[in-house]
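Colleague: I have a new model open and would like to learn how to read it. Could you take me through a few features?

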Amino acid sequence: MQARKKYVLLGLCACCWLLLFYWGGGVQVRLFKLLVQQRGDVVRPWPDWNDRALLPGYAQLEELQTGPGSAESPRQRHHAWTGIYKDSRCRMETCFDFTRCRRRGRDGFRVYVYPSEKGERVSESYRKILTSIGESRYYTKDPREACLFVLGIDTLDRDQLSGQFVPNLDDRIKGYPLWNEGRNHLIFNLYSGTWPNYTEDLGFNIGQAILAKASLNTEHFRPGFDVSIPLFSKEHPQKGGERGWLVRNTVPPRRKYLLMFKGKRYLTGIGSDTRNALHHIHNGKDIVSLTTCRHGKDWEKHKDARCDHDNLEYERFDYQELLHNSTFCLVPRGRRLGSFRFLESLQAACIPVLLSNGWELPFSDVIQWNQAVLEGDERLLLQVPSTVHAVGNERVLALRQQTQMLWEAYFSSVDKIVLTTLEIIKDRVFSHVSRNKYMWNALPGGLLVLPEYSTHLAHFPFYYLSLGVSPGQEFTAIIHAVSPLVSQSQPIMKLLQVVSKSKYCSQIIILWNSEKPPPHRSKWPPMPVPLTVTDGRRKTSSRFLPNVAIETEAVLSLDEDTVLLTSEVNFAFLVWMSFPERIVGYPPRSHFWDPVKNAWGYTSKWTNEYSIVLTGAAFYHRYYHYLFSHYLPPSLRALVDRTSNCEDILMNFLVSAVTHLPPIKVAQRKQYKDLPSPQVRPHPSMVNLTNELPSPQGTKMSAPWANPEHFTQRQECVNSFASWFGYMPLVHSQFRLDPLLFKDQVSVLRKKYKDLERA
């Protein structure tokens, strides 16, 4: 009974509380609402952040949206994309015919370009792309050999309002008998879509073709199949390109301005929302964010209240001065996701800060962009200043150095952009022999690392330092012989004895390039190391062909009449072990710019500066044999064979292009050649450091190879090589390494290489 009374009492108490809340609080709230409505006010329990009066100094709501495209749902965007590209799920395994490429192994990767029709309009940029393919080592004129096909029709600009737009592409490409729904085809594109949305519609069905496209959206990118390329201007150089602007590192690595942007502001259409908000972070001091609406024909019709002020502020700063003096460069999206600002920032070593949501960055399959750029969010623009302020000096320095590596390796020319695209596809086709991410993201870059040679980092000379490994302790000597063996007193016999006495010599290979057959083994002197004679096929370039007989990493290249001491060989080898990625040797040469002839010149004058070390007496890594034969075009090797000259200059060009460093000269030797005998006429490339040599009788005799024609050929070679590289890779140096106590006035007993002073 007592329990029942207790529950009844509790129920009554609960009812009382409900009545009190309803009649007390509830009535008060309803009365309050009634009174407010009578005054015409609106109740706001929390501030309404859409009220611009509350946030006068902050970005407007529509300014922080991602643009008109954000109004579409992901499903709607995906449906629109699949309507344009019916093979949106293509992968290499499903939409690529590997059998066309593997008929001849790695050599089966050949690219065929359809011939352009008569009167076909081709833009300057597309002409450069086709030229790069045509001059590459992968080009073939025979479609039956081709693994990959490229259209001769210009597909770069698919904006229907552009003067470069090519109509009726669907009908034209279907007429190609090899089209096969696009399989094994590569299509290049820089601009797609048109006003106002600038979608990724190319205006024709690409089918199963690989798309190499700028401004690719991550939603539409087909991983492992498409290739994202950078947006580049028609002025982008065909070859070489300018070097990066980071000449030397400063500590701390900060510049005058922390963050900068200077560019167009779109008043309407896609991309306008992002750039319209940039003025909020501008302070005119360490952050300079400038936009102008003065562009286009009808800009005054659409100008807003900020236009006049922005235009005045815009003119106060010079764009190039900002690029050179800013630590970070803002790279917001334009009408499309990509922007010219991206490559400009990379070249200037101005760390790009990206504001382009959904952009698949160029060559994203292989490049680790987090080592070179900062990726922001268009919706979080106001956080950018604090983000870049928080980046430490060490990271700034690392990011800046990586921008230079990527710029010079992949983006400084159309050639490099096209070759990088082809190499990425080739690595997919031959995935079992391909580069790893480290090779793509470390010097000298993936284009100069040929996986056919090896896929192991420790087999390449430029990775020794980062891996903490050292080259082998032995070398292989290769002697280039062009003269018949008529006497046991010929210079080559002395040279064999000198080199074989070196404790570091593993073997000697004689590359026989004489018109007469090589002598029998019994004619050669006995030696403590193996001696091999191989046929050079009477080609000058054959001295740098890969040779399976070379078992050591170090190669000592020698001409048959070179005069050296064993101690000189040993010292040069020890120096090379500290610089295994460079050419290390004795005879120097130099190049110079002749303003009168407007061409490069070549000189053998004895000066304090040099840029070439001749391979008549020099050490280098055996990988350069493979690079010389498989990276350089056949046309340059044919030039060397035709003139029987310049192969040493070409090797110096190649190694300097890889390292961006000069060769290294050791010790002091003005004469490294023996006097020519009356029976022997030296090879034309064997140039002495002096034009005239003293004869034994005291008279002067002119060296047979020291003639104007020889130097004329070498000067022509220098210019031909510079033309192919697109720039001058040779680097001048005044650095020379001598043994400790070399020519010091101390006892010879204290000197390890005392014989060098008598050389």
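Modeller: We will go through disulfides, a sheet, a helix packing and one covered helix.

Modeller: This is a predicted model, in which local features need pLDDT of at least 70 and side-chain atom pairs count only at pLDDT 80 or more, while totals for chains, interfaces and linings use all residues. Residues are numbered from 1 along each chain as its sequence is written, and side-chain values use heavy atoms, with hydrogens and water left out.

Colleague: Good, disulfides then. How many disulfides are there?

Modeller: The idea is a distance rule: a disulfide is a pair of cysteine sulfur atoms within 2.5 Å. Here that rule gives 5 disulfides. Number the bonded cysteines in sequence order, and the pairing reads 1-2, 3-4, 5-6, 7-8, 9-10.

Colleague: Which cysteine does Cys101 join?

Modeller: Cys101 is joined to Cys147, S to S 1.7 Å. The angle about the S-S bond is 70 degrees, and the link of Cys101 and Cys147 is right-handed. Cys101 sits in the loop between α3 (92–95) and β1 (111–113), and Cys147 in the loop between α4 (124–134) and β2 (148–150), so the pair ties together parts 46 residues apart in sequence. For the element names, helices (H or I, at least four residues) and strands (E, at least two) are DSSP runs, numbered from the N terminus.

Colleague: Are Cys646 and Cys717 in a disulfide at a short or long reach along the chain, that is, how many residues apart?

Modeller: Cys646 and Cys717 form a disulfide with S to S 2.1 Å. This pair links distant parts of the chain, 71 residues apart, with Cys646 in the loop between α19 (634–643) and α20 (647–659) and Cys717 in helix α21 (residues 708–725). For burial, the cut-offs are under 20% relative accessible area for buried, over 50% for exposed, and partly exposed in between (1.4 Å probe, protein chains only). Cys646 has 0% relative accessibility, so Cys646 counts as buried; Cys717, at 2%, counts as buried too.

Colleague: Now the sheet. In what order do the 5 strands run?

Modeller: Two strands pair if DSSP finds at least two bridges between them. The open sheet has the order β7-β6-β8-β9-β10, with parallel pairing. β7 (287–292) and β10 (374–375) are at the edges with a single partner strand each, so one side of each has no neighbour in the sheet. Strand β8 (residues 326–332) pairs with strand β9 (residues 351–355) over 5 bridges, and Cys329 has Pro352 as its bridge partner in β9. Cys329 also forms a disulfide with Cys350, S to S 2.0 Å, and both of these cysteines are buried.

Colleague: How should I read a helix packing?

Modeller: Two packed helices are described by the angle between their axes and the distance between the axes. Axes are lines fitted to C-alpha atoms, for helices over the stretch in contact, and angles run from 0 to 180 degrees between N-to-C directions. Helix α10 (residues 340–347) packs on helix α12 (residues 393–411) at about 115 degrees, with the axes 8 Å apart. With contact meaning heavy atoms within 4.5 Å, Leu343, Leu346 and Gln347 of α10 meet Thr403, Gln404, Trp407 and Phe411 of α12.

Colleague: And α17: how many of its residues are buried?

Modeller: Of the 13 residues in α17, 10 are buried, so to read it, start from what is covered. Among the buried ones are Phe571, Phe573 and Trp576. The cover includes β11 (475–481), β14 (554–559) and β19 (617–621).
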